[in-house]
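Me: I would like a close look at one part of this model, followed outward to whatever bears on it. Please take your time and keep the reasoning connected.

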Amino acid sequence: IFLASDDRTLIASEVDWGPLKSKTSVWDLKTQTRTLRIDEQRMLDVSESIGIVATVSNDGDISLRSFPELDVMTIFSGKHTATDCGCLSHDGKILATGNKLGTVRIWHRDSADSQLLFEPPTSTAAIRDMEFSSDDQQLFVAQSDGIVQIWDIATRTLQRVLNTGKGDAWSVDVSPDGQRIAIGYAHGRVE
């Protein structure tokens, strides 16, 4: 779900996970009406400041769409049906996607190809959430095993592993100065 800065525009996705059915809608909160609905698409991330919404189709195609019209700007085909989460860089040039198999991919807006950032050889930890540092140089990745990994985007190298030991890490965020990391866990605790 995403609430725009105008306090009027809301974008929300509804998902039925089995069998997979989804739709993404734009709502006008002032009139309490749905202004747009796109079937078979669910939202991954929104960058209002640069006017981009990232979505994934039920078939696995990943799209960058205009905000708030949801017109298609770029489609990354490839049937990535396992995509569970996504994060846009602050400049909107990169989309990172993750899945329950532990794979993270980096998509460049100007290219139809993705680059594999990492695919754990033995891990069964699902990727739950990701966040770029404010300079878009690092990607913070929260996993279902409680680990948060910090990756260098340019070199695609792992810089640091935070093993929290506190269970399923569902969300991660980074302060603008990069000095603090907030982690939300499945049991409701936030650190």
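What is the relative accessibility of Arg189, and what does Arg189 count as at that value? After that, please concentrate on strand E15 and the sheet that holds it.

Reply: In this predicted model, Arg189 has a relative accessibility of 45% and therefore counts as partly exposed. Its side chain forms a salt bridge with Glu191, with the closest N and O atoms 2.9 Å apart, and Glu191 also counts as partly exposed, at 33% relative accessibility. The bridge between Arg189 and Glu191 belongs to a structure in which a search finds five salt bridges, and another of them will come up again at an edge of the sheet you ask about.

Strand E15 belongs to an open sheet of four strands, whose order is E13-E14-E15-E16 and whose pairing is antiparallel. Strand E13 (127-132) and strand E16 (157-163) stand at the edges, and each has a single partner strand, so one side of each is left without a neighbour in the sheet. From one strand to the next, the twist averages 20°.

On one side, E15 (residues 147-152) is paired with E14 (residues 138-143), in the antiparallel sense and over five bridges. Two of the residue pairs can be named: Gln149 is the bridge partner of Val141, and Trp151 is the bridge partner of Leu139. E14 and E15 form a hairpin with three residues between the strands, and in that hairpin Gly146 takes a positive phi near 85°.

On the other side, E15 and E16 run antiparallel and are joined by six bridges, including one in which Asp152 has Thr157 of E16 as its partner. These two strands also make a hairpin, here with four residues between them, and Arg156 in the turn has a positive phi of about 55°.

What does this placement go with in terms of burial? Six of the six residues of E15 are buried, so the strand is largely enclosed by the rest of the structure. In a regular strand, side chains alternate between the two faces of the sheet. For E15, Ile147, Gln149 and Trp151 lie on one side while Val148, Ile150 and Asp152 lie on the other, and because the residues of both sets are buried, both faces of the strand are covered. Gln149 and Trp151, already met as the bridge partners of Val141 and Leu139, thus share a side with Ile147, whereas Asp152, the partner of Thr157, is on the side of Val148 and Ile150.

The loop between E13 and E14 holds Asp136, a residue other than glycine whose phi is nevertheless positive, near 60°. Asp136 has a relative accessible area of 10% and is therefore buried. For a contrast elsewhere in the chain, Asp7 also has a positive phi, near 55°, without being a glycine. Asp7 is placed in the loop between strand E1 (2-3) and strand E2 (9-17), and with a relative accessible area of 59% it is exposed.

At the edge strand E13, a salt bridge is formed by Asp168 and Arg128, with the closest N and O atoms 3.0 Å apart. Arg128 lies in E13, while Asp168 lies in the loop between E16 and strand E17 (169-174), so the pair ties together parts that are 40 residues apart in sequence. The two partners fall into separate classes of accessibility, since Asp168 counts as buried at 18%, under the 20% limit, and Arg128 counts as partly exposed at 26%.

A further salt bridge, away from this sheet, can be set beside that one: the side chains of Asp28 and Arg8 meet with an N to O distance of 2.7 Å. Asp28 is in strand E3 (residues 20-28) and Arg8 is in the loop between E1 and E2, so that this pair, with its members 20 residues apart, likewise links distant parts of the chain. Here again the acidic partner is buried, Asp28 having a relative accessible area of 13%, and the arginine is partly exposed, Arg8 having 30%.

To draw the picture together, E15 pairs with E14 over five bridges and with E16 over six, its six residues are buried, and both of its faces are covered.

Terms used. Residues are numbered from 1 along each chain as its sequence is written. This is a predicted model: local features need pLDDT of at least 70, side-chain atom pairs count only at pLDDT 80 or more; totals for chains, interfaces and linings use all residues. Side-chain values use heavy atoms; hydrogens and water are left out. Two strands pair if DSSP finds at least two bridges between them. Axes are lines fitted to C-alpha atoms, for helices over the stretch in contact, and angles run from 0 to 180 degrees between N-to-C directions. Buried means under 20% relative accessible area, exposed over 50%, partly exposed in between (1.4 Å probe, protein chains only). A salt bridge is a side-chain nitrogen of Lys or Arg within 4 Å of a carboxyl oxygen of Asp or Glu.
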